[in-house]
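Me: I should like to go through this structure and ask, for each description, what justifies the term. Please set each value against its criterion.

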Amino acid sequence: MAGGPRIVDLMRLSTVILPIYRWHDEGREVWRRAEQLGFHAAYTYDHLSWRVPFRDGPWFGAVPTLTAAAGVTERIRIGTLVTSPNFRHPVVLAKELMTLDDVSGGRVTLGIGAGGTGFDAVVLGQGEWSARERAERFAEFVGLLDRLLSEPEVTSRGTYYSAFEARNIPGCVQAPRLPFAVAATGPRGMRLAAKYGQAWVTTGDPALYEEGTPEQSLAAVRGQVERVSAALAEEGRDPAGVPKVLLTGFTPDRGGPFTSVGAFTDFAGRHAEAGIDEIVVHWPIPDTDFGYDQAVFEQIATEAPAQLAG
């Protein structure tokens with residue numbers, strides 16, 4: 001990048017740890033190491049299974065994993081990236097999240113998105129929802145979950161999700177509830193992020209992953225930031241007060257940013273200029289798309305934030 005990386009005031013660096021590790025073999029040490037490396041947050045995916053090559057290998061539940069992680073860490077934020085309505089009901093999820101927030105001492109962020117097609121979409125035996133139904137369910141899901149985590153008792157009847165005298169006492173440690181990081185790229189989802197989100201999440205433009213260029217991807221992210229900022233302003237909120245989060249690994253850059261600290265700070269600096277406030281990197285997994293060198297990854301975690309800031 002011409003002129004070197006942008007000087008970043010509050011660029012946060014976080015990681016996402018796939019729930020593939022047996023807890024007493026590797027899992028607890030991975031989560032402890034994430035805290036030792038100074039990451040702002042460590043997230044995990046909330047799926048019941050995921051794509052190849054993970055489809056037929058170990059894959060554990062998100063909420064139990066995060067509860068265990070809360071017990072072996074003290075400072076790092078933890079959360080999902082992301083939860084969806086595909087196999088969740090907001091009443092049950094709210095109770096689990098309230099409990100997790102209590103166990104962690106108020107360190108939980110709920111990453112939440114509309115979900116998509118694939119294994120999770122049909123695992124309960126239902127047919128795949130249309131894009132319209134996914135959007136409608138997502139809107140109803142987020143609105144009800146907001147109430148369930150903010151009010152001691154909720155009764156609500158919706159098209160897809162209802163609650164009857166659902167109690168969440170004593171409520172979240174974080175007030176008025178734990179924060180939502182809403183994943184959205186379309187206008188309807190961005191309006192939900194603007195109304196309910198304490199952060200907004202993108203993976204870039206999926207249409208560019210296979211054949212797009214890094215420059216095209218960066219322009220797409222910049223456009224997304226502009227649109228979600230406009231939605232926030234329409235909601236009467238200050239766009240600068242809502243962090244914009246990029247989950248890496250799904251842009252045309254592939255593993256390039258993880259070859260060195262310099263390559264990563266260039267990547268992060270360009271995205272900071274586009275309006276991104278937090279970058280989330282996958283914990284390395286050999287022989288996968290996330291097969292970054294562990295030593296370089298840890299060097300990025302410990303050195304890149306200071307280089308970006310100064």
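Reply: Helices and strands here are DSSP runs, helices of at least four residues and strands of at least two, numbered from the N terminus. On that basis, strand 3, helix 4 (119–122), helix 5, helix 6 and strand 8 each supply at least two residues of the lining of the largest pocket. The model is a predicted one.

Me: What volume does the largest pocket have, and which residues lie nearest its centre?

Reply: The volume of the largest pocket is about 1,100 Å³. Its lining comprises 39 residues, and Val 82, Gly 115, Gly 116, Ala 183 and Thr 203 are the ones nearest the centre. By class, the lining divides into 18 nonpolar, 16 polar and five charged residues.

Me: Why is Arg 137 called buried?

Reply: Buried means under 20% relative accessible area. Arg 137 has 14% relative accessibility, and therefore counts as buried. The residue belongs to helix 5 (residues 131–150). Leaving aside residues up to four places away in sequence, Arg 137 touches Trp 129, Tyr 160 and Tyr 161.

Me: What makes strand 3 largely enclosed by the rest of the structure?

Reply: Strand 3 spans residues 77–83, and six of its seven residues are buried, so the strand is largely enclosed by the rest of the structure.

Me: How do you know that strand 3 pairs with strand 2 and with strand 4?

Reply: Two strands pair if DSSP finds at least two bridges between them. Strand 2 (residues 41–44) and strand 3 are joined by four bridges and run parallel. Within this pairing, Tyr 43 has Gly 79 of strand 3 as its bridge partner. Strand 3 and strand 4 (residues 108–112) are likewise parallel, with four bridges. There, Ile 78 is bridged to Val 108 of strand 4. Both pairings thus satisfy the criterion.

Me: Which elements make the right-handed β-α-β units that include strand 3?

Reply: One such unit consists of strand 2, helix 2 (residues 62–72) and strand 3. Another consists of strand 3, helix 3 (residues 90–103) and strand 4. The term right-handed applies because, with the strands pointing away from the viewer, the path from the first strand over the helix to the second runs clockwise.

Me: Which residues of helix 6 are buried, and what covers them?

Reply: In helix 6 (residues 187–196), the buried residues are Gly 189, Met 190, Leu 192, Ala 193, Ala 194 and Tyr 196. Their cover includes helix 5, strand 7 (180–183), strand 8 (199–202) and helix 7 (214–234).

Me: What makes a space a cavity, and how many cavities of 30 Å³ or more does the structure hold?

Reply: A cavity is a set of points where a 1.4 Å probe fits but cannot get out, whereas a pocket is an open set. The structure holds two cavities of 30 Å³ or more. The volume of the largest cavity is about 40 Å³, and that of the second largest is about 30 Å³.

Me: What lines the largest cavity?

Reply: The lining is formed by Met 11, Arg 12, Leu 13, Phe 264, Ala 268, Ile 279, Pro 305 and Leu 308. Strand 1 (12–16), helix 8 (261–273) and helix 9 (294–309) each contribute at least two of these residues. The lining has seven nonpolar residues, no polar ones and one charged residue. Arg counts as charged, so Arg 12 is the charged member of this lining.

Me: How does the lining of the second largest cavity divide by class?

Reply: Two of its residues are nonpolar, three are polar and two are charged. The residues concerned are Asn 86, Gly 116, Thr 117, Ala 121, Glu 128, Trp 129 and Arg 134. Gly counts as polar, and therefore Gly 116 belongs with the polar residues.

Terms used: Residues are numbered from 1 along each chain as its sequence is written. This is a predicted model: local features need pLDDT of at least 70, side-chain atom pairs count only at pLDDT 80 or more; totals for chains, interfaces and linings use all residues. Side-chain values use heavy atoms; hydrogens and water are left out. Buried means under 20% relative accessible area, exposed over 50%, partly exposed in between (1.4 Å probe, protein chains only). Contact means heavy atoms within 4.5 Å. On a 1 Å grid over the protein atoms alone, a cavity is a set of points where a 1.4 Å probe fits but cannot get out, and a pocket is an open set with protein on both sides within 12 Å along at least five of seven lines; lining residues have an atom within 4 Å of a point. Grid points are joined across faces, edges and corners, and a volume is the space filled by probe spheres set on the points.
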